Amino acid sequence: MAEHEPNQGKSDEWYTPREIFKALDCTFDLDPCSPGPGHWVPARRVYTKHHDGLSQEWIGFVFMNPPFGKRNSHVPWLEKFLDHGNGIAIVRAYTSAGWFHDHAIKADSMMFPRGKTQFIRSDGTVGKQPGHGVVFLGMGYKATRILRAAKLGMVVEKLQAGHVW
């Protein structure tokens, strides 16, 4: 069982490790799920809980690590991300879950990193190794190119008739 699962409803503060952003080697226009300015996500603009990023307009190239606190609380975020169509999101790699088949498979690309990502807690400590993996979802050519170049794991790209990446 993943460390955050017994905490469902207690905390949705699980931060993506800095090493991921070093590998992605890009700057995002927006982090709609940010813990706040000065956090290590390389984003020009952030929305925090106070801003309610889900209800805000999203602009440009987005990085999204949605709240994980409640069961399926990430689904509205995932729907908005997919509708926005430009960026990289990180979600659980629950490939047997209904939400995964209803939403995640709509991404233009998926990157399954090697090993299990150890998220950072809100107090700055490293969480335990989770009981599952994660998947990075890419929307748009730029996201797919960045995920491929990061070399963090296996990248799967959606085939589009008449389109060459």
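Q: Let's call a residue buried when its relative accessible area is under 20%. In this predicted model, what share of the residues is buried?
A: The chain has 165 residues in total to share out. Count those that pass the under 20% cut-off, and the buried share comes to 45%.

Q: How many helices and strands does the chain have?
A: Try reading along the sequence: the pattern goes β-α-β-β-β-α-β-α-β-β-β-α-β. Each α is a helix and each β is a strand, so tally them up using the numbered runs. You get four helices and nine strands.

Q: Which helix or strand gives the most to the largest nonpolar core?
A: That core has 21 residues, and Trp-58, Met-64, Phe-81, Trp-99, Phe-100 and Leu-137 have the most contacts inside it. Strands E4 (62-64), E5 (87-92) and E8 (134-139) each supply at least two of its residues, as do helices H2 (75-84) and H3 (98-102). The top contributor gives five residues, and that's H2.

Q: How many residues are in the other core, the one with Val-41 and Ile-88?
A: This core lies apart from the largest one. Phe-61 and Phe-63 are also among its members. Its count is 17 residues.

Q: Which residues does Phe-100 touch, leaving aside its neighbours within four places in sequence?
A: Phe-100 is one of the residues with the most contacts inside the largest core. Set aside the neighbours within four places, and look for heavy atoms within 4.5 Å. Its partners are then Arg-92, Ala-93, Tyr-94, Thr-95, Ile-105, Met-110 and Val-135.

Q: Is Leu-54 buried, partly exposed or exposed?
A: You'll find Leu-54 in the loop between strand E3 (43-46) and E4. Its relative accessible area is 28%. Buried needs under 20% and exposed needs over 50%, so Leu-54 counts as partly exposed.

Q: How far apart in space are Leu-54 and Pro-76, C-alpha to C-alpha?
A: Along the sequence these two are 22 residues apart. Still, Leu-54 is in contact with Pro-76, as well as with Trp-77 and Lys-80. From C-alpha to C-alpha, the gap between Leu-54 and Pro-76 is 7.8 Å.

Q: Which strand has the lowest confidence, and which residues have a pLDDT below 50?
A: The chain averages a pLDDT of 83, and 76% of the residues score at least 70. Strand E2 (residues 28-31) is highest at 97, while the lowest mean, 62, belongs to strand E7 (residues 120-121). Where pLDDT is low, don't read the predicted coordinates in detail. So the answers are strand E7 and, for the stretch below 50, residues 1-11.

Conventions. Residues numbered from 1 in each chain as written. Predicted model: local features only at pLDDT ≥ 70, side-chain atom pairs only at ≥ 80, totals over all residues. Heavy atoms only, no water. Buried < 20%, exposed > 50% of the residue type's maximum accessible area, 1.4 Å probe, protein only. Core = buried A, V, L, I, M, F, W, Y, C linked by side-chain atoms within 4.5 Å. pLDDT = per-residue confidence, 0-100.
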